[in-house]
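Colleague: I am new to this structure and would like a close look at a single part of it, the surroundings of the ligand. Please take me through them step by step.

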Amino acid sequence: MDRVYLDYAATSPMDPRTVERMLPFFTQQFGNPSSLHYFGQQADSAVDLARNAILRLFKSLDHDLVFTSGGTESDNLALKGVTTPINQSRIKRILISPIEHPAVDKTAKRLEQDGTVQIDLLRVDNYGLILHNDLQNKLTGTTLASVVWANNEIGTINDIGKIAQICHKSGALLHTDAVQAAAHLNINLNETDVDMLSIGAHKFSGPKGVGCLVFRKTINLDSQIVGGGQESGKRGGTHNVPLIVGMQAALEMAYKDRESINLHLTNLRDQIIAEILKNIPGSSLTGHPVYRLPNHASFVFEGVKGQELVIALDMAGFSVSSGSACKVGNPSPSQVLLALGIPENLAMGALRVTVGRNTKEDEVRSFLDVLPNIVNNLRNG
Ligand SMILES: Cc1ncc(COP(=O)(O)O)c(C=O)c1O
């Protein structure tokens, strides 16, 4: 059976050209960037080149970055890094939205549990957009707000430029989780003035296990991994040079081909949304109809369990995901969908379909041909 991958928001395949660029750093240019000799300096300059290339792509003049093991570590570093320094200027209050990825949500909650910060929750509308007035009312000068740029479950894109302006007017800092956004949106820190931004390479066809936190140079960021003083003392541990080079290569490719890829993705996404809503009674779109990631279609179906739908589709050869957290034996509805006001029983019937640059029209066609019957069978079974 030919398998069709429609789960690009979970992860994406690497482009062989990116792998090619990484290979020499495993075998020939294998030095430790901290070593003073030739091999070390060769590796060190590759890390520096990657750092400068990524900052240039993001048009950041006032920022630096720390290489991390991915989006999760970047989010952890952002929230912990400004709340744990032992000085008067440390931040004691965090505002988060109810649609944050667990890497932000659980980190903030852990910091609250151990008494480091107080958390306040922001409100979102039925599409998952942050309510700007609510944000304004909850801000003080000593706050860090953390707002996801584009949500992974519902694809909604927040107006991060506007949110940054509101935060800065009150003297607060803004961190944004751009792990999903970086694959598709034009991140221009000259225009969208965020203080900290997390990315992870495997969402834009880069390698797994690498990401970075971009941060404004004036921020006092406390290292959360202490060791040999790498990354100017902000993250200990020998750099994973091949992965860092791979992230740079993948991001450069994503930026270069962005317009044509996004056009391809938007066409497929719009076809998926239009046909599912038309052909499957009791289906609704989750997330914003317009401000959504170009590759992202997400739904809830009445009378269907998302987990069962994912399994049935997998058996038919289609890899997708459900918005609900699929814990074996204990499926629970997604907190993100509940925050949008979707009733619990409906939130259990979530499906996320995300396409990528390699997705072909006939793959989408065959998915759309089998889905109505599979939903019907589950409803009747
Ligand atoms: C919005 C968002 N933030 C953070 C992460 C975690 O990133 P990583 O898998 O690189 O740790 C993900 C991954 O699914 C994500 O979608």
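Where does the ligand sit?

Modeller: Please keep in mind throughout that this is a predicted model. The ligand sits in the largest pocket, and the residues around the ligand are Gly-70, Gly-71, Thr-72, Asp-75, His-101, Asn-152, Asp-177, Val-179, Gln-180, His-202 and Lys-203. Sorted by class, this shell has 7 polar residues, 3 charged residues and 1 nonpolar residue. Looking at which element supplies them, helix 4, covering residues 71-83, gives the largest share of the shell, with 3 residues.

Some of these neighbours can be followed down to individual atoms. At Gly-71 a polar backbone atom is 2.8 Å from an oxygen atom of the ligand, while at Thr-72 a polar side-chain atom lies 2.6 Å from an oxygen atom of the ligand. With Asp-177 the ligand takes part through a nitrogen atom, which is 2.6 Å from an N or O atom in the side chain of that residue. As for how much of the ligand is covered, it has 400 Å² of accessible area on its own, and the protein covers 86% of that area.

To set this part within the whole, one may add that the structure holds 18 salt bridges, including one between Asp-7 and Arg-352, whose closest N and O atoms are 3.2 Å apart. Because Asp-7 lies in the loop between strand 1 and helix 1, whereas Arg-352 belongs to strand 12, this pair ties together parts that are 345 residues apart in sequence.

Note on methods. Residues numbered from 1 in each chain as written. Predicted model: local features only at pLDDT ≥ 70, side-chain atom pairs only at ≥ 80, totals over all residues. Heavy atoms only, no water. Near = heavy atom within 4 Å. Polar contact = N/O pair within 3.5 Å; in protein donor to acceptor, adjacent residues only side chain to side chain. Areas by Shrake-Rupley, 256 points an atom, 1.4 Å probe, with all protein chains shown as cover. 1 Å grid on protein atoms, 1.4 Å probe; cavity = no way out; pocket = protein on both sides within 12 Å on 5 of 7 lines; lining within 4 Å. Sits in = over half its atoms within 2 Å of the grid points. Helix = DSSP H or I, 4+ residues; strand = E, 2+ residues; numbered from the N terminus. Nonpolar A, V, L, I, M, F, W, Y, C, P; charged D, E, K, R; others polar. Salt bridge = Lys/Arg side-chain N within 4 Å of Asp/Glu carboxyl O.
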